[in-house]
Amino acid sequence: MISQKAKYAMRALIALARANPSEPVLIADIAVSQNIPKKFLEQILLDMKHRGIVASRRGKQGGYMLLKPANDITFGEILRMIDGPIAPLPCLSQTAYRKCEDCNGESDCEIRHVFARVADATRNILFNTTLADALSGDGDTARLTA
């Protein structure tokens, strides 16, 4: 399962993707519209700012906006930033590979073979679905897995 923080990050970024790209959105407005605790949202957006996903503007016309176009931000990118490795087993991770402690050999592991297909399908969907796809309704998983 993905964390609540990852869900909030995705919802906040989708809210920013819906907004006019030249007009920053107030944290309070995102928090209310997406039902996200404001203090938690502040931390999430600050993290996203440090990672180059959003920019902030101070002052009367301040707020947050996407730094990258919505069609360049994938769900996989967001999930990996917030929750870390996406793989269901440590031996399948692309970013934090670790041999399973109880494993006698990856090539003979039936469990690994099954979950490798799960991990590949999951990554395919997550890294080929952008915020723009979600907004346009083109985030259809049938299209991505066909």
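In the protein chain, 56% of the contacts with a separation of 6 or more join residues 24 or more positions apart, a contact being heavy atoms within 4.5 Å. The structure is a predicted model, in which local features need pLDDT of at least 70 and side-chain atom pairs count only at pLDDT 80 or more, whereas totals for chains, interfaces and linings use all residues. Residues are numbered from 1 along each chain as its sequence is written, and side-chain values use heavy atoms, leaving out hydrogens and water.

**The whole chain**

Begin with the protein chain in a cartoon view, where seven helices and two strands appear. Helices (H or I, at least four residues) and strands (E, at least two) are DSSP runs numbered from the N terminus. Followed along the sequence, their order is α-α-α-β-β-α-α-α-α. The C-alpha trace spans about 60 × 35 × 25 Å along its principal axes.

Next, display the surface. The chain exposes about 8800 Å², of which carbon and sulfur atoms supply 52%; such areas come from the Shrake-Rupley method with a 1.4 Å probe, and for residues only the protein chains shown count as cover. Of the 146 residues, 40% are buried. Buried means under 20% relative accessible area, exposed over 50%, and partly exposed in between (1.4 Å probe, protein chains only).

**Helix α4**

Select residues 75–83, which form α4. This helix is mostly covered, with seven of its nine residues buried: Phe 75, Gly 76, Glu 77, Ile 78, Leu 79, Met 81 and Ile 82. Show α1 (4–18), α3, α5 and α6 (131–136) as well, since the buried residues of α4 pack against these helices. After α4 comes Gly 84, with a positive phi near 85 degrees.

**The largest pocket**

Which residues line the largest pocket? Select Met 1, Ile 2, Leu 79, Asp 83, Pro 85, Ile 86, Ala 87, Pro 88, Val 118, Ala 119, Thr 122 and Leu 126. Two or more lining residues come from each of α4 (75–83) and α5 (110–127), and α5 gives the most, with four. On a 1 Å grid over the protein atoms alone, a pocket is an open set of points where a 1.4 Å probe fits, with protein on both sides within 12 Å along at least five of seven lines; lining residues have an atom within 4 Å of a point. The space in the largest pocket is about 190 Å³.

**Ile 111**

Stay on α5 and select Ile 111. Is this residue buried or exposed? Ile 111 is exposed, at a relative accessible area of 54%. Measuring from its C-alpha atom to that of Leu 89, 22 residues away along the chain, gives a separation of 9.4 Å.

**Leu 66**

Move to strand β2 (residues 63–66) and select Leu 66. Leu 66 counts as buried, at 18% relative accessibility. Beyond residues up to four places away in sequence, Leu 66 touches Leu 13, Leu 16, Ala 17, Ile 53, Val 54, Ile 73 and Leu 131. Ser 3, 63 residues from Leu 66 in sequence, lies 22 Å away in space, C-alpha to C-alpha.

**Asn 35**

Finish in the loop between α2 (27–34) and α3 (38–50), at Asn 35. Most residues other than glycine have a negative phi. Asn 35 is not a glycine, yet its phi is positive, about 55 degrees. Asn 35 is also exposed, with a relative accessible area of 63%.

Conventions
Grid points are joined across faces, edges and corners, and a volume is the space filled by probe spheres set on the points.
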